[in-house]
Amino acid sequence: LSILYYIWLAAICTVVLVLSVAVLALTYPFQKSRRIVHEMSRYLALSFLLPFPRRVEGLENVARRERYVIVLNHQAMVDIGALYHVPLNFRWVSKREVFRIPFFGQFLLVHGDICIDRGRAAEALEQLLRDGGLWLSRGAIFPEGTRSKDGQIHRFKAGAFTLAKEAGVPILPVVLDGTQRVIGRNRLFNWRNRITVKVLPPVPAAEVAATET
């Protein structure tokens, strides 16, 4: 079952990568924001989640024309798909090792996501502030420091808060629940598991600026 799971995952990543490259090649000359690439990713991700019951709350807290640093808890790979319920053209910030995963890493590059080396904290923060600032007109993502193995929220890295403080933008908190239970121990999908995506009210930029990071 594990072998079949990884074959299926590789096939999905390959299809998404090929489509993303094609869409980027056709749209980049007149849309450098990569919004169409993002919207295609959003459509595919939400299509993957169709078999699972989902509950989405708090979308009224999202202003589509606002700039945010989005901060969320991190439980599983399914988090990537679940967050596409948030109607913003965002970019992920991820560690360098993830970009080395065949097909999936190349997709992140095509999507315009930000690669950092967590082993070099100072350089990683500098790159986050530089590259994250470029994308903040559309929204930037910085998840929980690492994936939670017990479902509890652990300490967040300071990069998201520093980026929001430097850019003078609010933080948009998003809480994910149930994503860690989508795939069981035998790599079987738990079709009756419910995924909850809850968008909390933004933390105003003035409040972020007054907070020590």
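A pocket, as the word is used here, is an open set of grid points with protein on both sides within 12 Å along at least five of seven lines. The model is predicted. With that in hand, start at the second largest pocket.

Its volume is about 550 Å³. The lining of the second largest pocket counts 22 residues. Leu9, Ile12, Val16, Ala45 and Phe48 lie nearest the centre. Four helices each give two or more residues to this lining: H1 (2-27), H2 (35-48), H3 (78-83) and H5 (104-111). H1 supplies the largest share, with eight residues. The chemistry of the wall is lopsided: 20 lining residues are nonpolar, two are polar and none is charged.

Now follow helix H1. Leu4 sits in this helix. Leu4 counts as exposed because its relative accessibility is 57%, and the cut-off for exposed is over 50%. Leu4 joins Ile3 and Ile7 in a nonpolar patch on the surface. Together the three have about 340 Å² of accessible area. The spacing invites a general remark. An α-helix has 3.6 residues a turn, so residues three or four places apart point the same way.

Cys13 also belongs to helix H1. Is Cys13 buried or exposed? Cys13 counts as buried, because its relative accessibility is 15% and buried means under 20%. Cys13 has a partner in space from far along the chain. Phe103 is 90 residues away in sequence, yet the two C-alpha atoms are separated by 5.8 Å.

Turn next to helix H2, which holds Ala45. Ala45 is one of the residues nearest the pocket centre. Ala45 is buried, with a relative accessible area of 13%. Which distance separates Ala45 from Gly81 in space? The answer is 4.7 Å, C-alpha to C-alpha, although their positions lie 36 residues apart in sequence.

Helix H5 also contributes to the pocket lining. H5 is mostly covered, with six of its eight residues buried. Those six are Phe104, Gly105, Phe107, Leu108, Val110 and His111. Just after the helix comes Gly112, with a positive phi of about 90°.

Helix H7 spans residues 159-167. Its buried residues include Gly159, Ala160, Thr162, Leu163 and Ala164. Gly168 follows H7, and its phi is positive too, near 70°.

Strand S3 covers residues 93-95 and contains Ser94. Ser94 is buried, at a relative accessible area of 17%. Its C-alpha lies 5.4 Å from that of Cys115, a residue 21 places away in sequence.

Finally, look at charge pairing. Side chains of opposite charge can pair when their charged atoms come close. How many salt bridges does a search of the whole structure find? It finds one. The bridge links Glu57 with Arg55, and the closest N and O atoms are 2.9 Å apart. This pair meets the salt-bridge cut-off, because a side-chain nitrogen of Lys or Arg has to be within 4 Å of a carboxyl oxygen of Asp or Glu. Glu57 is partly exposed, with a relative accessible area of 26%. Arg55 also counts as partly exposed, at 35% relative accessibility.

How values were computed
Residues numbered from 1 in each chain as written. Predicted model: local features only at pLDDT ≥ 70, side-chain atom pairs only at ≥ 80, totals over all residues. Heavy atoms only, no water. 1 Å grid on protein atoms, 1.4 Å probe; cavity = no way out; pocket = protein on both sides within 12 Å on 5 of 7 lines; lining within 4 Å. Points joined across faces, edges and corners; volume = space filled by probe spheres on them. Nonpolar A, V, L, I, M, F, W, Y, C, P; charged D, E, K, R; others polar. Buried < 20%, exposed > 50% of the residue type's maximum accessible area, 1.4 Å probe, protein only. Patch = residues over 30% accessible without salt bridge, like charges linked within 9 Å, V, L, I, M, F, W, Y side chains within 5 Å. Areas by Shrake-Rupley, 256 points an atom, 1.4 Å probe, with all protein chains shown as cover.
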